[in-house]
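Visitor: I would like to go through this structure one question at a time. Where should we begin?

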Amino acid sequence: MAVCKKGEKEMKRKNERTMEYLEESSTLAGQRTRKLVDQETGEVMQVNQVTKLAYGSKNFWKLYMREFIAVLKELSDKQYKVFVYILEHTKPGDNRFTATYQEIMKGAGCCRQMVASTLKKLQKANFMRKVQTGVWMVNPDIIVKGNDRKCNMLLLEYQAVKPEK
């Protein structure tokens with residue numbers, strides 16, 4: 001057992017590196033010294049290995065609570081099911097929701113009239129805008145997956161879509 005623990009400590013020491021979180025760039029940076037052996041000459045070289053890990057929000061959905069809750073307050077229990085269906089089927093790449101009334105009715109378990117009234121209410125609440133028949137864009141000022149740059153790009157697209165009257 002002692003040999004195993006000694007080997008474990010040796011391994012930890014080999015992999016030790018200094019890591020520092022740089023808040024202004026949301027980056028974890030570190031370095032360590034390594035010895036590399038040239039396979040052809042056998043020459044041993046000592047090099048500094050630098051590691052940078054960028055942390056960000058590109059893999060997370062951002063939900064702006066005040067606006068999101070304002071939309072939720074507008075919905076009835078049955079409309080909430082349609083809303084959840086929309087959230088589950090919104091594409092994270094472009095904030096677009098694509099579906100027929102039939103698909104929404106089946107997925108949310110409700111009638112055509114409920115789908116129509118919910119979509120109308122969500123558009124009135126500025127949660128989404130109709131791009132074309134069967135395609136809506138969800139407001140990135142309420143929910144978006146990605147960093148601020150992507151959010152701004154999607155917001156420009158969203159603003160270019162004229163709201164239905």
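Visitor: How many residues does the largest nonpolar core have?
Guide: This is a predicted model. In soluble globular proteins, nonpolar side chains tend to be buried together. Here the residues with the most contacts inside the largest core are Val82, Ile86, Phe97, Ile104, Leu122, Phe127 and Met128. The size of that core is 23 residues.

Visitor: Which elements give two or more residues to this core?
Guide: Four helices and one strand do so. The strand is S8 (135-138). The helices are H2, H3, H4 (101-108) and H5 (112-124).

Visitor: How many residues are in the other core?
Guide: The other core lies apart from the largest one. Among its members are Val144, Cys151, Leu154 and Tyr158. Its count is five residues.

Visitor: Are H3 and H5 roughly parallel or roughly perpendicular to each other?
Guide: Residues of H3, including Val82, Phe83 and Ile86, meet residues of H5, including Leu119 and Leu122. The axes of H3 and H5 are 9 Å apart, and the packing angle is about 70°. Angles from 65 to 115 degrees count as roughly perpendicular, so H3 and H5 are roughly perpendicular.

Visitor: Are the rings of Phe68 and Phe83 stacked, edge-to-face or tilted?
Guide: The structure holds four aromatic pairs, and Phe68 with Phe83 is one of them. Their ring centres are 5.6 Å apart and their planes are at 45°. Planes under 30 degrees apart would count as stacked and over 60 as edge-to-face, so this pair is tilted.

Visitor: How many residues apart are Phe68 and Phe83 in the chain?
Guide: Phe68 is in helix H2 (residues 65-73), while Phe83 is in helix H3 (residues 77-89). The pair therefore links distant parts of the chain. The separation is 15 residues.

Visitor: Is Phe83 buried or exposed?
Guide: Buried means under 20% relative accessible area. Phe68 has 11% and is buried. Phe83 has 1%, so Phe83 is buried.

Visitor: Which residue forms one aromatic cluster with Phe68 and Phe83?
Guide: The residue in question touches Phe83, and its other contacts include Val71, Ile86, Leu122 and Tyr158. It is also among the residues with the most contacts inside the largest core. The third member of the cluster is Phe127.

Visitor: Is Thr41 buried or exposed?
Guide: Thr41 is in the loop between strand S2 (27-37) and strand S3 (44-54). A polar atom of its side chain lies 3.2 Å from the backbone nitrogen of Glu43. The relative accessible area of Thr41 is 57%, and over 50% counts as exposed, so Thr41 is exposed.

Methods
Residues numbered from 1 in each chain as written. Predicted model: local features only at pLDDT ≥ 70, side-chain atom pairs only at ≥ 80, totals over all residues. Heavy atoms only, no water. Phe/Tyr/Trp six-rings, centres within 6.5 Å; stacked < 30°, edge-to-face > 60°. Buried < 20%, exposed > 50% of the residue type's maximum accessible area, 1.4 Å probe, protein only. Polar contact = N/O pair within 3.5 Å; in protein donor to acceptor, adjacent residues only side chain to side chain. Core = buried A, V, L, I, M, F, W, Y, C linked by side-chain atoms within 4.5 Å. Contact = heavy atoms within 4.5 Å. Axes fitted to C-alpha atoms, helices over the stretch in contact; angles between N-to-C directions. Parallel < 35°, antiparallel > 145°, perpendicular 65-115°, else oblique. Lists of a residue's contacts leave out its neighbours within four places in sequence.
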